[in-house]
Amino acid sequence: FFPPSSLSKTRGPTKSSSGSMSGAPPSAHELSLLMQNPARIRNLTVLAHVDHGKTSLTDSLIASNGIISARLAGKLRFMDSREDEQMRCITMKSSSISLSYTPTRPQPREGGQAVEDGHPHLISVIDSPGHVDFCSEVASAVRLCDGALVLVDVVEGVRTQTIAVLRQAWVERVQPCLVLNKIDRLITDLMMEASEAYTHLVRIIEQVNATCAMFHSEQVMEEGQSQGHSLWEAQETMRQPFQFSPAMGNVAFASATLGFAFRIDDFAVMVSKKLNMNEGALRKCLWDPEGGEFYFNPKTKKVGRSSEDGKLKPMFVQFVLEQVWNVAGAFLMDPDAEKGAKIVAALQLSVPDRELRNTNRSEALRSVLSRWLPLAAAVLSMVVEQLPSPAAAQPERMCRLLQTAAPPDAVADEINALEESLRTCDPDAATTVAFVSKMFAPETSLAGRE
C-alpha cells in the first residue's frame, strides 16, 4: 500500500481527523478579491445522464470548503434546494455556487496549464439536471461556462444524455474533463476483479472518445459542404475533437458516495517513491498515452511492454486498482478487523476507532478511502490544471457569443474596445457586461402586480 503522505505536494487541503476538509468557507470579500485575477478563475458545469452522480459529487466539492459536513456529502444533495427536488431525488433546475481551492502541485504536468503554486483559485460550479425533460437547463449552464465535468456511471456506461451533453459541450466550445463515477459498484454490484474492471474502464473511455470523434466528423462534413471545401481541406481547418485519456490528466476515477477519487498523477507520485522511479516516466507506464500496456516484473525490477510468462498484470491494475480493491475487500466485501487495522496503519491514516468499528461497513470503507484519496482534491486539481480560465477560453468562444458583423463606423472603436475587454476578461474595464442565460417569469405576488 502507498501512504498518502507522498501526496502532500500534489493535493490541496488535507483531511482532518473528523474527516472534513480543513478550512472555512471563503468570505464574500475573499471571493471578490479572487475575481480580480481571471487567470485564477474556473467556470465549470457538471454534466451527466440522470442518476450518474452529479449532485453527490458536487456535495463533496462543497464540503471541501467547509460549507457542509463531509459526512453528509453525497447524502445531503445541497444543490437540490427545491422541495420537489429533494422529494423526488432528482435535479430539476441548475444551481450554482462559488468555491475556493488552492493548488499545491509544485510543477504542472506535461500538457497541463501553468498553475501558480500556493495561490487560491475561484471555482464557480453549476450543477445541472440530467433528465431529458430539463435539457434547456443544461443548455443554459453550458453557455455560461468555459469548462465542464462530464460524469459517466461505470456500470451503466455512456447513455443517451451523456451523448447529448457531450454534443452540447462541443457545439458551445466548452472544454470537458471526464469523471468515471461509481467505480465502487464494479466491486459491489458487478463483483469484478481488478483486471476485469480495467478492461471495462478502457472500453468506456474508448466509447466516449468514439462519440466525440463522431461530432468532429459530422462538423467536418457540414463545413465542407457549406464552404465548398473538400473533406481534407475542411478537416485541416477544424479544431481537434475532444479526447480523453488518464495519461493526459483529464480523466478521474471516482466514487461520489464513498467520497474518494484519484488520477494517474496521484499514484505516479506514490509509486515512484516506492519503486525509486521517475514520476513522469511512471505516469506513462501506468497508462500508456499510445494505448499499449506496460508490465512490471517484481523479480527483475524492470518495466516492459510484454508479459513474458503471461502472468504479469498491467501496471494500472497492479499498482492502482488492486490497491483500491484490497481496501474494499478488507472493509466491505470480506470484513476483517485485523487486516483493516493493518491497512490503515500501512496507509498512515488517522481514522477514529469508532468509525472503523461502524456496523455499516460502507461507512467504514468511506472513512478510509475518503482520507486516503479525497475526492475534492483530485477533482479540483484536475479542474485547475485541465480546464481553461475565462481569459484563455474567450478567444475560442467569442464567435459563439457575439455577432460577427462589422459594426457601424460611428461606434466601431467603442465596440472593438468592448470586444477586446470581453476577450481578455479585463477586470479593470470601464464597462460591465451582464450575460442573461435564461429568463424567469415571476409569480404575480412576487412581481407586485394584480
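## A look around the central sheet

In strand β3, the residue that bridges to Leu 44 is Val 125. That pair is a handy place to start in this predicted model. On the β4 side, the bridge partner of Leu 44 is Gly 147.

Leu 44 is one of the residues of β1, a strand that spans residues 41–48 and has 8 of its 8 residues buried. Where do the side chains of β1 find cover, on one face or on both faces? Both faces are covered: Ile 41, Asn 43, Thr 45 and Leu 47 are buried on one side, while Arg 42, Leu 44, Val 46 and Ala 48 are buried on the other.

Now let us step back to the sheet as a whole. It is an open sheet of 7 strands with mixed pairing, in the order β2-β3-β1-β4-β5-β6-β7. At its edges lie β2 (95–101) and β7 (260–262), each of which pairs on one side only. From one strand to the next, the twist averages 25°. As a general reminder, strands of a sheet pair through backbone hydrogen bonds, in either a parallel or an antiparallel sense. Three of the pairings are set out here.

| Strand pair | Sense | Bridges |
|---|---|---|
| β1 and β3 (residues 121–127) | parallel | 6 bridges |
| β1 and β4 (residues 147–153) | parallel | 5 bridges |
| β2 and β3 | antiparallel | 7 bridges |

To find the β2 and β3 pairing on your screen, look for Ser 96, which stands opposite Ile 126 in β3.

Next, the surface. Which residues form a nonpolar patch there? The patch is made of Ile 67, Leu 72, Leu 76 and Phe 78, and together they have about 300 Å² of accessible area. Leu 76 sits in the loop between α2 (54–63) and α3 (83–88). Why does Leu 76 count as partly exposed? Its relative accessibility is 33%, and partly exposed covers the range between the 20% limit for buried and the 50% limit for exposed.

For a last stop, turn to helix α9 (residues 264–275), where you will find Val 269. Val 269 has a relative accessible area of 5%, so it is buried, since the cut-off for that label is under 20%. Val 269 also has a partner to look for further along the chain: Glu 279 is 10 residues away in sequence, and the two C-alpha atoms are 5.9 Å apart in space.

Key:
Residues are numbered from 1 along each chain as its sequence is written. This is a predicted model: local features need pLDDT of at least 70, side-chain atom pairs count only at pLDDT 80 or more; totals for chains, interfaces and linings use all residues. Side-chain values use heavy atoms; hydrogens and water are left out. Buried means under 20% relative accessible area, exposed over 50%, partly exposed in between (1.4 Å probe, protein chains only). Helices (H or I, at least four residues) and strands (E, at least two) are DSSP runs, numbered from the N terminus. Two strands pair if DSSP finds at least two bridges between them. Patches are made of residues with over 30% relative accessible area and no salt bridge: like charges are joined within 9 Å, nonpolar side chains (Val, Leu, Ile, Met, Phe, Trp, Tyr) within 5 Å. Accessible areas come from the Shrake-Rupley method with a 1.4 Å probe; for residues, only the protein chains shown count as cover. A salt bridge is a side-chain nitrogen of Lys or Arg within 4 Å of a carboxyl oxygen of Asp or Glu. Axes are lines fitted to C-alpha atoms, for helices over the stretch in contact, and angles run from 0 to 180 degrees between N-to-C directions.
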